[in-house]
Amino acid sequence: MKVLSLSNHYIAVDIGASSGRLMLAEISGGKMTLEEVHRFKNGFRKVDGHDRWNIDLLIEEICHGLAKVRKMGIEKVTLGIDTWAVDYVLVGSDGRKLCDPVAYRDGRTKDAVEELTTKIPKREVYKKTGIQFQNFNTLYQLYREDRELLKKTGMIMMIPDYIGYVLTGNAVTEVTNASTTQMMNLRHGLFDEGLLHEAGVRAEMFPPLVEAGTELGMIREDLRLEYGLPETMVVTVATHDTASAVAGTPGKGHSWAFLSSGTWSLLGAELNVPETGNAAFEENYTNEWGAYGTYRFLKNIMGMWIVQCIQREYQGRYTFVELAEMAGKVSPFRQFIDINDERFMNPDSMIDEIRNCCLETGQEVPETPGEIVMAVYSNLAMFYADQLHRLEEILEEKIEVLNIVGGGSNVALLDQLTADLSGVRVVAGPGEATAIGNIIVSMISEGDLKNISEGRQLIEDSFELKEYVPSPGKYRGIMEKYHEVTGGNDND
């Protein structure tokens, strides 16, 4: 059934590592359109010896964006907020933040996984949580947190929950984001006391757990008057941006996988029950909680962060589109590197790091911008293809379609290389899946959609999707060479 009109105006606040924006949804003729009404920059900076987010500025920018919405003549809106995962804000007993949150790329958690898992074995942690091991998971951040600061802490809040708290005065912990902490027990549906103990925190320090789609409350009246805001109901959507992106993926049936391609690339499948067997553990796959009782069984891959760093190093001389065009003039698969190596996490120079990696392994060193970006695209495509086949092996199911969503879905070169190497049909789009999924959950909450299936049908009806058909045998032998040089991506 098509949605012919909206009973509410819906706004998605979607904040990533480099920027944030407010997106307004409209329905006309049974199709959804999105309008970007406000965009702002984001990024961490060094404060008190750590890389930190300016959380107050993000909240101020949201208010500025909502003020623009009211100037458009819109007096009443429903708002959902999604951001990246794992990072948190420490709030004192007076309800105010104790300091700006530390960014997950900060170096404080180096070797934290190895240190903590000498106390609780990795296999036990995985059995409890189903979450992949990454140094920046909240569990290890809290493990390395300042003990004196934790003594002053009244509440620990994930980034989107804290933003919602400041806007409304109401505090919750939304489960799609909470699951990424690696402290949620899959079987009990609550924080795991043993893991919390190792991190030096208590369950009561986290606000009550809520499901995606829960109404949080109206924006505070003082903020509404100060900034000139519309009446705004805040809905706690799937606050982890990947959870929103998957909700915004037009997948159908049971034989599809998703690739949410942004700063990170998240490749996996939507499951109704978690997968925590030995193969999933050995491959370091994660079971993040999704909207409506689902699980995002996926692999974290370094993603477009690498290209973002390269573009920044060229000091804006080239747009992302121009870099992709230059890469398209270079033959692929001239270098074989482990794109998921931690050396690419936050180097001083991404360009130098890529070149040094090639030098160390006796490979051709990319010199021009096109060569460097093609090296990244080539190795992303190889990693995607490799992980797609590993996903099939773990789930014992053939994947027929890979749905690529997010900004990376607009890179036709990368989409086609992924189809060719994996032998799987690629459907690319929508590029704004995160904002769309955010809005879909709000629409279900407010009664404009019945369920996620109806939402996904609306997405398919509304947005252009591009299809990339694999060319069998076009790059014969490439994956074998890739495994030979990289060792099969064992560096996870």
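Here are three short exercises on this predicted model, each with a worked solution.

**Exercise 1: strand S1**

Work out which strands pair with S1, and in which sense each one runs.

*Solution.* Start with S1 itself, which covers residues 9-15. Look at S6 (residues 76-82): S1 and S6 pair in the parallel sense, over six bridges. Along this pairing, Asp 14 sits opposite Asp 82. Now turn to S2 (residues 19-28), which runs antiparallel to S1 and is also joined to S1 by six bridges. Here Ile 15 has Gly 20 as its bridge partner. With three residues between them, S1 and S2 make a hairpin. Last step: six of the seven residues of S1 are buried, so the strand is largely enclosed by the rest of the structure.

**Exercise 2: helix H17**

Check whether the length of H17 fits its number of residues, then find out how enclosed the helix is.

*Solution.* H17 takes in residues 433-446, which makes 14 residues. At 1.5 Å a residue, the helix should span 20 Å. Its end C-alpha atoms are 20 Å apart, so the two agree. Next, burial: twelve of the 14 residues are buried, so H17 is largely enclosed by the rest of the structure. Among the buried ones are Ala 433, Asn 438 and Met 443. Just after the helix comes Gly 447, with a positive phi near 90°.

**Exercise 3: Cys 309**

How many disulfides does the structure hold, and is Cys 309 buried or exposed?

*Solution.* The structure has zero disulfides. For Cys 309, the nearest cysteine sulfur belongs to Cys 357 and is 15 Å away; a disulfide needs the two sulfurs within 2.5 Å. As for burial, Cys 309 has a relative accessible area of 7%. Buried means under 20%, so Cys 309 is buried.

How values were computed
Residues are numbered from 1 along each chain as its sequence is written. This is a predicted model: local features need pLDDT of at least 70, side-chain atom pairs count only at pLDDT 80 or more; totals for chains, interfaces and linings use all residues. Side-chain values use heavy atoms; hydrogens and water are left out. Helices (H or I, at least four residues) and strands (E, at least two) are DSSP runs, numbered from the N terminus. The expected span of a helix is 1.5 Å times one less than its number of residues. Buried means under 20% relative accessible area, exposed over 50%, partly exposed in between (1.4 Å probe, protein chains only). Two strands pair if DSSP finds at least two bridges between them.
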